[in-house]
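Load the model in your viewer and keep the selection tool at hand. The stops below are meant to be followed in order.

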Amino acid sequence: MLTGMQIAIIGGDARQLEIIRKLTELDARLSLIGFEQLDHAFTGAVKEKLDEVDFANIDAIILPVAGTNQEGQVETIFSNEKVVLTEDILSKTPEYCTIYSGISNSYLNEIVKQSKRTLIQLFSRDDVAIYNSIPTVEGTIMMAIQHTDFTIHGSNITVLGLGRCGMSTARAFHALGAKVKVGARKSEHLARITEMGVTPFHLSNIVKEVADTDILINTIPYQIVSAAVISKLPPHTLIIDIASKPGGTDFRYAEKRGIKALLAPSLPGIVAPKTAGQILADVLSQLLQDDLTNRKGKGK
Ligand code: NAP
């Protein structure tokens, strides 16, 4: 149970509702910032504006998956108000206050560092990233279906990267009957791709390997789908780039060549916000519980 814990949930999308539900069930008291347009009321949760919150009493702050943007703004789909997280706000919290987000950026890292607080990035945990790859892949399949006039079955699919998302993506498209090849740069990844029953290629050969691609799925957060790569793609190729913003595709060049290229962020939040929220809620409740137990042990 999280009895006695005061947590600020700042911004986010429908995934945050599962977190709110779970934490209120566990008896935490919540300040919801950026939720004034949300119709639903949760017992134990109060909607507040950022400047109304007494941060001196906040034990933990939960940000959306994306954290903040480079100006500190927190995305709030249940509010029209601009919510900006600053170093000043974090400095008002107790020293032990922990900030949770999915991913981070230089702005968020810097204000956390300057205020000497702790940031936990949930998506850097393997378990969260692997669970989250499930709705991500379902979203990728949805996009492939929506934006092509041919079946996935029998298509040539090129997946770039064999990380948590790349592996799940390659497996799912292979299971749907596509001819899947996966590009990676590590020899152990090339071995794993072979073991999975799909075709490996080294990323140094990417320009030559993409020539027969119907759908190119990029999971690498680095400019890998360059103009040189795009110039070799058949004109009907669909590029689905799921890597974090700004993606790994030269979108300008793709447009110039008339190749459809889609940056597809936050797929779990779009196709399965409930499941994606539950994944986060489960791990967050465990981390908060551990934090509370530690603090009680130290008498804080
Ligand atoms: P991951 O496990 O870290 O995998 C990233 C992959 O990219 C690895 O195979 C890595 O290979 C490769 N890579 C990184 N930098 C590279 C470079 N410079 N050159 C070649 N390969 C490189 O990450 P993940 O969990 O699969 O997530 C992949 C991306 O998707 C991330 O940007 C993540 O934020 C994003 N994501 C998006 C959604 C969505 O809804 N759109 C959902 C979940 C995740 P090495 O091991 O060789 O470095």
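**Helix packing, ligand and two backbone stops**

Start by selecting α4 and α11: α4 passes α11 in a right-handed crossing. Here a crossing is left-handed if the near helix is turned anticlockwise from the far one by less than a right angle, and right-handed if clockwise. Helices (H or I, at least four residues) and strands (E, at least two) are DSSP runs, numbered from the N terminus.

This is a predicted model, in which local features need pLDDT of at least 70 and side-chain atom pairs count only at pLDDT 80 or more, while totals for chains, interfaces and linings use all residues. Residues are numbered from 1 along each chain as its sequence is written, and side-chain values use heavy atoms, with hydrogens and water left out.

Stay with this pair. Helix α4 covers residues 126–146, and its axis comes within 9 Å of that of α11, crossing at roughly 165°. That makes α4 roughly antiparallel to α11. The cut-offs are under 35 degrees for roughly parallel, over 145 for roughly antiparallel, 65 to 115 for roughly perpendicular, and oblique for the rest. Axes are lines fitted to C-alpha atoms, for helices over the stretch in contact, and angles run from 0 to 180 degrees between N-to-C directions.

Now show side chains. Val128, Tyr131 and Asn132 of α4 meet Ala276, Ile279, Leu280 and Val283 of α11, where contact means heavy atoms within 4.5 Å. By class, this contact has 6 nonpolar, 1 polar and no charged residues. Ala, Val, Leu, Ile, Met, Phe, Trp, Tyr, Cys and Pro count as nonpolar, Asp, Glu, Lys and Arg as charged, and the others, Gly among them, as polar.

Keep α11 (residues 273–297) and add α1 (residues 15–25): the two pack at about 40°, with axes 7 Å apart. α1 and α11 are therefore oblique to each other, and their crossing is right-handed. On the α1 side, the residues to pick include Arg15, Glu18 and Lys22; on the α11 side, they include Lys274, Asp282 and Leu288. The contact of α1 with α11 has 8 nonpolar, 3 polar and 6 charged residues.

Return to α4 and add α5 (residues 164–175); this pair packs at an angle of about 45°, with axes 8 Å apart. That makes α4 oblique to α5. Among the residues in contact are Ile130, Val137 and Ile141 of α4 and Arg164, Cys165 and Phe173 of α5. By class, the contact of α4 with α5 has 8 nonpolar, 5 polar and 2 charged residues.

Next, select the ligand. Which residues are the closest among the 23 that surround the ligand? They are Arg164, Cys165, Lys186, Ala264 and Leu267, with a residue counted if one of its heavy atoms lies within 4 Å. Draw three distances:

- Side-chain N or O atom of Arg164 to a ligand oxygen: 2.6 Å.
- Side-chain N or O atom of Lys186 to a ligand oxygen: 2.8 Å.
- Backbone N or O atom of Ile242 to a ligand nitrogen: 3.0 Å.

Finish on the backbone. Most residues other than glycine have a negative phi, and most peptide bonds are trans. Lys116, in the loop between α3 (106–114) and β8 (118–121), has a positive phi of about 60° although it is not a glycine. The peptide bond from Lys245 to Pro246 is cis, with omega near 5°. Look for Pro246 in the loop between β13 (238–241) and α9 (251–257).

Technical notes. A polar contact is a pair of N or O atoms within 3.5 Å; within protein, one must be able to donate a hydrogen and the other to accept it, and residues adjacent in sequence count only if both atoms are side-chain atoms.
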